[in-house]
Amino acid sequence: MKSTFKKLLPFAVVGVISGATTVGVQQYIGHDSNTADQSYFTSSKNASFVGMNTAAVGDDFVKAAKTTVPAVVTIKNYQTRSSSRASEQDLFDYFFGDPFGGRGQQRQKQQQQTPDNMPSGMGSGVIISPDGYIISNNHVVAGANKLEVVLSNKKSYIATLVGTDPNTDISLLKIEEKGLPFLNFANSDNIDVGQWVLAVGNPLGLNSTVTAGIISAKGRGIGILSGQGKASNPIESFIQTDAAINPGNSGGALVNVNGDLIGINSAISSTTGYYQGYGFAVPANLARKVVEDIKKFGIVQRGFLGVTSLDLSNDQQVAFYNRDKKANIKVGSGVYVTGFSKDSGAEDAGLKLGDIITKVDQMAITDFADLSISIGSKRPGDKVQVTYLRNGKETTTTVTLKDQNGGTSSRSKADLSVIEKIGAEFEPLNDRFKTEYGLNSGVVSKNVAEGGEMAKIGIVDDYIIIEINGKPVNSQKDVEKILDKYQGNVQVKFVDNYGRIYTKGFKMP
């Protein structure tokens with residue numbers, strides 16, 4: 001699978017965003033500490049089957065469900081059929097198998113024939129403020145030209161997409177309403193494996209469904225974001241749960257027994273595309289930071305250590321690296337530094353090739369997921385204490401995080417370059433290709449960003465852009481010159497992979 005290959009890649013850019021946290025509440029199911037240890041063989045006349053205190057747990061589940069259900073919504077994604085590429089169901093099919101038993105292509109044909117007033121896909125969302133802000137997954141809203149939000153009371157709204165972040169698979173929407181029920185973020189750093197949780201969402205078209213389970217693991221990286229290729233610097237440190245999660249649950253709530261939000265349900269691990277025991281949720285601290293950035297700055301503020309790395313806990317990745325580099329790195333714990341990016345904060349702080357990162361701000365780093373989430377609590381300009389091993393000796397240094405351009409301050413949409421604003425890069429079209437296809441101008445689209453303006457009008461990698469605003473373009477500089485400081489509607493003339501010519505547009509952000 002594509003995701004398996006991605007896991008074998010020895011280099012992973014350690015670029016992650018940061019976050020603010022709130023104090024959460026944990027509730028534990030108690031037991032009688034005075035109970036004596038019993039022998040396996042006993043003649044006690046009071047013997048009975050061991051069971052949990054079902055009354056207490058049941059009460060907790062009811063309380064959490066009553067709190068959560070009104071704050072979880074259905075999100076309907078409407079999009080142009082010809083450009084429909086990223087519905088929620090497609091994501092589950094791509095990574096976890098076709099739940100239609102090999103009839104996926106037939107389903108896609110049926111979707112293309114579906115009237116435009118029918119949604120292309122449906123997922124879930126969570127109301128996080130009384131004035132209508134809603135958090136969901138990026139893949140739930142991807143490609144939409146209209147988003148409809150339906151509350152648990154069946155009241156419907158057309159939502160505005162405030163922003164998205166493919167690197168964490170988080171999106172923020174807004175509906176115009178007041179006095180809405182909402183959920184509070186808990187501190188997801190305080191959750192424990194074995195803790196009871198509820199998953200609430202709208203799986204398989206079944207509105208307001210509540211399932212219960214436990215947290216079965218933390219800090220899981222499953223390769224889903226990098227595997228799909230839409231995330232340039234994916235952050236995967238999922239909460240794993242055995243509460244039943246199915247397609248349609250995406251974007252819904254994972255809550256503790258108090259009804260506090262500890263995660264946003266995002267994916268399942270399955271051979272069929274349906275629940276087989278494990279679901280995955282974005283931790284609340286990371287999700288909250290992302291939506292706070294989107295709301296305040298319009299974009300996510302990303303902090304970078306500025307290293308490429310090898311996850312020493314991944315034996316396959318280590319073996320691949322050793323074969324490729326003819327090295328003899330040992331499998332173990334921590335993250336091995338294999339290189340540095342330009343203007344690297346880590347290199348400035350004294351780290352060198354071969355160092356093994358073991359802690360960030362006293363948080364133990366056992367694998368790449370740990371490193372991602374630890375840096376994910378910071379912003380560019382923040383300082384972190386990085387502990388590393390060099391030749392067996394432990395050293396700690398202070399690293400100033402930077403953005404991808406080497407900056408250490410926050411940026412807003414107004415600070416973005418033209419290329420960042422429209423969400424694509426461009427390469428010149430060679431003269432031979434122009435001659436063969438009868439073109440006088442053109443650039444080739446590259447690194448088209450999911451949710452960007454170019455992606456919204458149907459442009460993907462390797463499409464040919466002929467003109468922008470009626471002017472021919474032959475280089476990325478041409479595109480930047482035409483759109484620099486431009487405000488208003490942008491007209492784009494482009495050619496798809498089949499040689500069909502389109503003219504579409506968007507409003508310059």
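A nonpolar core is a set of buried Ala, Val, Leu, Ile, Met, Phe, Trp, Tyr and Cys residues that are joined through side-chain atoms within 4.5 Å. The structure shown above is a predicted model, and this report begins with its cores before turning to single residues and one helix.

**Two cores**

The largest nonpolar core has 38 residues, and among these V126, I128, I135, I170, L261 and I264 touch the most other members. Helix α7, which spans residues 284-297, gives this core its largest share, namely six residues. Another core, of 23 residues, lies apart from it, and its members include I422, V473, I482 and V492. In soluble globular proteins, nonpolar side chains tend to be buried together.

I128 shows what such contacts look like for one residue: leaving aside its neighbours within four places in sequence, I128 is in contact with Y133, I134, I135, L172, F182, L183, F185, L261 and V291. L183 is also touched by T68, which, not counting residues up to four places away in sequence, has V200, A253, V255 and G259 as further contacts. T68 is found in helix α2, residues 54-68, and counts as buried because its relative accessibility is 0%, where buried means under 20%.

**Helix α14 and its two sides**

Helix α14 covers residues 476-483, and its buried residues are V479, I482 and L483. These residues lie on the same side of α14, because they cover an arc of only 85° around the axis. K477 and K481, by contrast, are exposed on the other side of α14. The buried residues of α14 pack against α11 (418-422) and against several strands, which are β20 (425-428), β21 (443-446), β22 (464-468), β23 (471-472) and β24 (489-495). I482, one of the buried residues of α14, is also among the members of the core of 23 residues. Just after α14 comes K485, which takes a positive phi of about 65°.

**Two loop residues with positive phi**

D169 and N447 each have a positive phi although neither is a glycine, and the table sets out their places and accessibilities.

| Residue | Phi | Loop between | Relative accessibility |
|---|---|---|---|
| D169 | near 60° | β6 (156-165) and β7 (170-174) | 6%, buried |
| N447 | near 50° | β21 and α13 (453-456) | 51%, exposed |

D169 counts as buried because its relative accessibility is 6%, whereas N447, at 51%, counts as exposed, since exposed means over 50%.

Conventions. Residues are numbered from 1 along each chain as its sequence is written. This is a predicted model: local features need pLDDT of at least 70, side-chain atom pairs count only at pLDDT 80 or more; totals for chains, interfaces and linings use all residues. Side-chain values use heavy atoms; hydrogens and water are left out. Helices (H or I, at least four residues) and strands (E, at least two) are DSSP runs, numbered from the N terminus. Buried means under 20% relative accessible area, exposed over 50%, partly exposed in between (1.4 Å probe, protein chains only). Contact means heavy atoms within 4.5 Å. The arc is that of the directions from the helix axis to the C-beta atoms.
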